[in-house]
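Welcome! Below are a few exercises to work through with the structure open beside you. Try each task before you read its solution.

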Amino acid sequence: MTMITCVSPVNGEVYAERPALSLDAAKDVVARARKAQKDWARRPLEERVQLVLKGAARLNEMADVVVPELAWQMGRPIKYGGEYRGFNERSNYVASIAADALSPMVVEDSANFARRIEREPHGVVFVIAPWNYPYMTAINTVAPALMAGNTVILKHASQTLLVGERLVQAFVEVGVPADVFQNVYLDHDTTSTLIAAGSFNFVNFTGSVQGGRSIERAAAGTFTNLGLELGGKDPGYVMEDADLDAAVDTLMDGATYNSGQCCCGIERIYVHESLYDAFVEKSVAWVSNYKLGNPLDPETTLGPMANKRFAKVVREQIADAVAKGAKALVDPKLFPADDGGAYLAPQILVDVNHSMAFMREETFGPAVGIMKVKSDAEALELMNDSPYGLTASLWTKDVERASRIGRDIETGTVFMNRADYLDPALCWTGVKETGRGGSLSVIGFHNLTRPKSYHLKKVTA
Ligand code: NAP
C-alpha cells in the first residue's frame, strides 16, 4: 500500500500520513460522483449556492484547528490567521454572480421562436490543488463548480494532506451530500490513469509546469476539458513617477509574504534609474524587519518554506547568481533562525541579469532580484523575457501609460499600483508556460459548464 506523507517544515518530522487509494477504490469514488451528479444539478441553483456558502462558513468556525494545522503542514505563521480573507472573498463573490453567470443567453423569445444558449454543468470535476495557498486555490474551482451543478473530487497536495479532508468535512457537515464533494488521496500514477481513462469531464490542475505537462499528457486524446494554472516569474516595474513608499511596501510584501511561495509573487523588479538607489535601500530595510522562526510562535512573521527541498532550490539559485556577479544585500546574521534547511532568510539581489536562473526560473521563495532600467521599452523587453506569463505589477500615477504598456505585456493580468492579489471579479489566467484556461469571474463559471443551444420553433406552419 502506498502512503501519502506530509513532512512538516516546522521540525522535519512526519505530521500526517494517509494510505493512497487503489485504482479500484478510486474508480468507485468517480462512479459515486457520477451517480450523484444529476440529482445535485436538478436542485435549484440558489439551494446549491447556499449550501456552498454554509460550507465556507463552517470552515471559518473551524479556524482553531485549521490555522495551526496549516502552520504545521506548510509553515504559514499562525499570526496571519490562515486564508480566510481571500477564501471568503472568493466564495462570497462567486455566489453573488452565480445566477447571472449561469443564466441562459436568450437570442430570441418571440411568437415563432425560442432561441437560447443555456449553461450545463460538465459533470464530474476533478480538482488537483497545490500546497502554497491550499484553501484559496482549491476554493477557486470547488465553489463555482459545485454551484454550477457539478460534483467535485478533490486531490490535494501531499504537503497539505489534511486540507482536502477539512474542506469536505465542513461542506458535508452543513448538508452537501457526501458523494457530491469527495476528498481523495492519490498517487501520481493513479491520478494519471484515471484521467487517461476519461473519468472526469473537467480537470483543474494548479501547480508546477512539470505537473501541468504530465496532466496534459495523461488527458491527451480523451477530450477532457482542462484548466492549467501553473508557475510564474512575475515582474514589477517601478516608473519614475511612482509612489516610492507604496511601491516598496507592496512589492516587498508580494515578494516575501508566505515565504515567497505565491504563484503571483513578485520575483523580479525593474526600477527606473532615478528611483533605483532609494528603492533598493528602502527594500532592504523593509525585509530586514521580518522575524523568521517557528510559525506556531505568534511573534513570527516569516515561517519556514514548506519543505526543505524548496528552500534548497532558492539557496542554489541565489548561490549561482552570486557566483555570476550578483550582490546579496540582506545580512543573514539578522536571521539567526536560518538553519540551512527549510528556515530561510529573505534576500534581495542586485547586479543581476537575465543570464541567471534566478531572474528567469521560478524561485518560489523569499528572494527577489532588482534591476535598474532607463525606459519603458527596456522594462517591457525584460518583463516579457520570461517563459511564464501570470501577472505584472506597474507602478505609476499614469493610468493611460499603464494601460498602454499593459497591452504589450505577455501576462494574464496587469496590475497598476498593486500586486499579488486575485480579484474574484476578474478572470485568473495565464499565458505561455503559466498554462491555459481561466478561473473566477463569469468566465470561470463558463469554463466549468458547457453551452447547450436550444432552437425551438413554436409554429410549424
Ligand atoms: P506540483 O508539485 O505540481 O503539485 C501540485 C499538485 O499536483 C499536487 O496536488 C501534486 O500532488 C499534484 N501533482 C503534481 N504532479 C503530478 C502528476 N504528475 N500527476 C498527478 N498529480 C500531480 O506543484 P506545487 O509544488 O504543489 O505548487 C507550486 C507550484 O504551483 C508553483 O509552480 C506555483 O507557481 C504553482 N501555482 C500556480 C497558481 C496559479 O494560479 N497559476 C496558483 C498556485 C500555485 P503531490 O503533492 O502529491 O505531488
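Before the first exercise, one definition helps: an axis is a line fitted to C-alpha atoms, for helices over the stretch in contact, and the angle between two axes runs from 0 to 180 degrees between N-to-C directions. Please keep in mind that this is a predicted model.

**Exercise 1. The pair H5 and H6**

Task: Find out how helix H5 and helix H6 pack, and which residues make the contact.

Solution:
- Step 1. Locate the two helices: H5 covers residues 134-147 and H6 covers residues 161-173.
- Step 2. Compare their axes, which lie 11 Å apart at an angle of about 40 degrees.
- Step 3. Angles under 35 degrees count as roughly parallel and those from 65 to 115 as roughly perpendicular; H5 is therefore oblique to H6.
- Step 4. Look at the handedness: H5 passes H6 in a right-handed crossing.
- Step 5. List the partners. H5 brings Pro134, Tyr135, Ala138, Ile139 and Leu146, while H6 brings Val163, Arg166, Leu167 and Phe171.
- Step 6. Sort these residues by class, which gives 8 nonpolar, no polar and 1 charged for the contact of H5 with H6.

**Exercise 2. The pair H7 and H8**

Task: Describe the packing of helix H7 and helix H8 in the same steps.

Solution:
- Step 1. H7 spans residues 188-196 and H8 spans residues 209-219.
- Step 2. Their axes come within 7 Å and cross at roughly 40 degrees, so H7 is oblique to H8.
- Step 3. The crossing of H7 and H8 is right-handed.
- Step 4. On the H7 side you will find Ser192, Ile195 and Ala196, which meet Ile215, Ala218 and Ala219 in H8.
- Step 5. The contact of H7 with H8 divides into 5 nonpolar, 1 polar and no charged residues.

**Exercise 3. An annotated residue**

Task: Which residue does UniProt list for "active site", and is that residue buried or exposed?

Solution:
- Step 1. The record, an unreviewed entry, lists Glu229 for "active site".
- Step 2. Find Glu229 in strand S9, residues 225-229.
- Step 3. Buried means under 20% relative accessible area. Glu229 has 12% relative accessibility, so Glu229 counts as buried.
- Step 4. Setting aside residues up to four places away in sequence, Glu229 touches Asn204, Phe205, Thr206, Gly207, Trp428, Thr434 and Ser439.

**Exercise 4. Two positive phi values**

Task: Compare the surroundings of Asn417 and Leu440.

Solution:
- Step 1. Recall that most residues other than glycine have a negative phi.
- Step 2. Asn417 has a positive phi, near 60 degrees, and phi of Leu440 is also positive and near 60 degrees.
- Step 3. Asn417 sits in the loop between strand S17 (413-416) and S18, whereas Leu440 sits in the loop between strand S19 (435-436) and helix H15 (441-447).
- Step 4. Asn417 is partly exposed, with a relative accessible area of 33%. Leu440 counts as buried, at 1% relative accessibility.

**Exercise 5. What covers H13**

Task: Which residues of helix H13 are buried, and what covers them?

Solution:
- Step 1. In H13 (residues 376-384), the buried residues are Ala379, Leu380, Leu382, Met383 and Asn384.
- Step 2. Their cover includes the strands S10 (234-238), S11 (266-272), S14 (367-373), S16 (391-395) and S18 (431-432), along with helix H14 (399-408).

Notes: Residues numbered from 1 in each chain as written. Predicted model: local features only at pLDDT ≥ 70, side-chain atom pairs only at ≥ 80, totals over all residues. Heavy atoms only, no water. Helix = DSSP H or I, 4+ residues; strand = E, 2+ residues; numbered from the N terminus. Parallel < 35°, antiparallel > 145°, perpendicular 65-115°, else oblique. Left-handed = near helix turned anticlockwise from the far one by under 90°. Contact = heavy atoms within 4.5 Å. Nonpolar A, V, L, I, M, F, W, Y, C, P; charged D, E, K, R; others polar. UniProt positions renumbered as here; feature names shortened; annotations may be inferred. Buried < 20%, exposed > 50% of the residue type's maximum accessible area, 1.4 Å probe, protein only.
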